[in-house]
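Reader: I've just opened this one and I'd like some help reading it. Can we walk through it together?

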Amino acid sequence: MLNIVVAGTGYVGLVAGVCFAEIGHMVKCVDINQDKVEKMKSGVSPIHETGLEELMIRNYEFGRIDYTIDYKAAYKNADAIFIGVGTPEQPDGSANLSHIATVARQIAESVEKDCLVVVKSTVPVGTNDKVEQFIQDFLVNDVRVEVASNPEFLAQGSAVHDTLYAERIVIGTESKWAEELLTKIYEPFNIPIVSVNRRSAEMIKYASNDFLALKISYMNDIANLCELVGADIQDVAKGMSYDGRIGSKFLNAGIGYGGSCFPKDTKALEYIAKQNGYELKTVKAAIDVNQDQKTMLYKKASKRLITFNGLKVAVLGLTFKPGTDDLREAASLENVPLLLEQGADIFAFDPVGADNFSRVYPEGKHGKGSMTYVDNIDEALEDANVCFIFTEWGEVKALTPEMYKKMMRTPLIFDGRNIYRVEDMQAAGIEYHSIGRKPATRAVAKESTNSELQNS
Ligand SMILES: NC(=O)c1ccc[n+]([C@@H]2O[C@H](COP(=O)([O-])OP(=O)(O)OC[C@H]3O[C@@H](n4cnc5c(N)ncnc54)[C@H](O)[C@@H]3O)[C@@H](O)[C@H]2O)c1
């Protein structure tokens with residue numbers, strides 16, 4: 001059992017802290033936000049992640065985890081301090097390291113015993129070297145402080161599971177002492193540990209995320225071509241998925257990737273390459289395809305309709321993916337303003353993301369258009385002229401084509417997540433546009449030749 005401190009209680013820091021406590025370490029989570037800390041002490045998670053609150057409550061009751069803004073008291077006796085603060089994108093695409101620098105300085109001024117500082121945040125290659133130097137420059141007490149890299153691979157929506165049952169743990173160290181300490185911390189998880197040097201660990205994180213982003217953009221690119229040549233992207237993906245070299249995951253076409261990682265990590269790696277005089281053409285292509293893809297539904301709908309002015313538009317799903325309340329880089333954030341500008345009266349449903357979205361687009365008039373948030377999907381669909389699906393929430397997937405048909409004034413759907421079978425929409429008499437597949441028209445398909453024959 002070790003004394004672990006985690007700096008930053010976002011998706012990465014809080015989940016890591018709670019999981020360290022769950023496997024038996026003593027954990028302190030530090031944040032700068034007092035309200036957040038009070039909430040967490042009372043067992044309320046500031047983020048939506050399945051299973052997180054249960055583990056927070058259990059480990060708090062066992063006295064294995066606590067939350068504080070008093071970083072000095074927390075850092076002073078830690079065996080290891082994990083940094084999980086944000087590294088947001090800057091206008092030029094580079095990663096903003098100011099939060100990392102603040103924590104590094106606070107650590108340098110607080111530690112009173114030997115301590116390993118572990119950077120979990122996603123940072124450009126070489127950052128760990130700089131963090132170590134920075135801490136040495138400001139170190140107040142005569143203690144040993146080393147820095148290790150330990151990139152995080154969790155996916156939002158399944159963060160707790162991804163941490164407790166990760167496929168691998170990557171550690172980047174420059175000394176046996178650091179390697180052994182980090183290995184000791186992670187041993188109870190019983191997960192394969194990949195031990196490399198710090199720069200390789202930093203690169204593994206970017207290379208992994210950007211590969212996945214590339215895979216998504218590739219499938220979206222192929223999907224757009226499928227539409228033009230009359231192929232079906234879902235059949236194409238199925239055919240590809242049997243090839244073990246390709247794999248069956250991340251082959252779904254849609255309206256592009258979002259969230260706090262892929263968009264910023266692709267841009268950051270492209271920036272790192274540029275700084276080193278290299279053009280990373282593949283990653284640049286992934287970024288370009290994704291940018292176009294995000295407004296693909298709006299473009300399709302604009303071609304189909306003369307105007308959105310005065311139309312009731314149902315928007316199903318606001319978050320960048322199901323299972324999270326995170327809106328960062330969500331496709332909804334690009335499409336909703338375009339619809340509002342065109343005078344759409346939007347009725348939006350999202351089981352957990354509506355509050356966050358309403359902070360950016362409050363309920364009420366927005367120029368010619370308006371924004372209304374509903375708790376019930378039916379209220380969004382009732383009498384709607386158009387429906388956009390941006391997130392494949394279970395609640396949305398549970399709707400049958402017949403329900404849309406019954407509730408909407410005009411059964412016209414633009415689905416960015418390919419939730420439905422085109423044939424089913426066609427059979428229900430719904431005009432249905434999706435990604436990489438032929439549209440369904442409103443002409444109701446004949447019931448079946450058999451029944452016709454029986455009637456005759
Ligand atoms: N979100 C993900 O799915 C994910 C996955 C893998 C890696 N990452 C990386 O992990 C890092 C963190 O991402 P996130 O999504 O958890 O961020 P986040 O924005 O959700 O959380 C960051 C937290 O750090 C706190 N903070 C800021 N300054 C602080 C300080 N000086 N001391 C203590 N706390 C401070 C903030 O208040 C906030 O609660 C980023 O580098 C990100 O790229 C994120």
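Reader: Let's begin with contacts. What share of the contacts in the protein chain with a separation of 6 or more comes from residues 24 or more positions apart?

Author: Keep in mind that this is a predicted model. The idea is to ask how far apart along the chain two touching residues sit. Here, 71% of the contacts with a separation of 6 or more join residues 24 or more positions apart.

Reader: And what does the radius of gyration of the protein chain tell me?

Author: You hold the value up against what a compact globule of that length would give. For 456 residues that is near 23 Å, and the protein chain has 25 Å, which agrees. Along the principal axes, its C-alpha atoms fill a box of roughly 90 × 45 × 45 Å. Buried residues account for 46% of the 456.

Reader: How many helices and strands are there in the protein chain?

Author: The count is 20 helices and 15 strands. Let's take one helix as practice: H11, residues 262–275, has 14 residues. From first C-alpha to last it reaches 20 Å, close to the 20 Å expected at 1.5 Å a residue.

Reader: Why is H11 described as largely enclosed by the rest of the structure?

Author: You count crowded residues, where buried means 20 or more other C-beta atoms within 10 Å. In H11, 10 of the 14 residues are buried, so the rest of the structure largely encloses this helix. Among the buried ones are Phe 262, Lys 264, Asp 265 and Ile 272. The buried residues of H11 pack against helix H9 (198–229) and helix H12 (281–294). After H11 comes Gly 277, with a positive phi near 75 degrees.

Reader: Which residues come nearest to the ligand?

Author: Start with the shell around it, then pick out the nearest members. The shell has 25 residues, and Gly 8, Gly 10, Val 12, Ser 121 and Thr 122 come nearest. Helix H1 (11–22) and helix H5 (98–110) each supply at least two residues of that shell. By class, the shell has nine nonpolar, 14 polar and two charged residues.

Reader: Last one: what domains is the protein chain divided into?

Author: You get domain 1 (3–196), domain 2 (205–294) and domain 3 (296–433). The C-alpha centres of domain 1 and domain 3 are 38 Å apart. Their contact takes six residues from domain 1 and seven from domain 3. On the domain 1 side, one residue is nonpolar, five are polar and none is charged.

Definitions and conventions
Residues are numbered from 1 along each chain as its sequence is written. This is a predicted model: local features need pLDDT of at least 70, side-chain atom pairs count only at pLDDT 80 or more; totals for chains, interfaces and linings use all residues. Helices (H or I, at least four residues) and strands (E, at least two) are DSSP runs, numbered from the N terminus. The radius of gyration is taken over C-alpha atoms; the globule rule is 2.2 Å times the number of residues to the power 0.38. A residue is buried if 20 or more other C-beta atoms lie within 10 Å of its own, exposed if 12 or fewer, and partly exposed in between; C-beta atoms are placed from the backbone. Two residues are in contact if their C-beta atoms, placed from the backbone, lie within 7 Å. A residue is near a molecule or strand if its C-beta atom, placed from the backbone, lies within 6 Å of it. Ala, Val, Leu, Ile, Met, Phe, Trp, Tyr, Cys and Pro count as nonpolar, Asp, Glu, Lys and Arg as charged, and the others, Gly among them, as polar. The expected span of a helix is 1.5 Å times one less than its number of residues. Domain bounds come from an automatic or database domain assignment.
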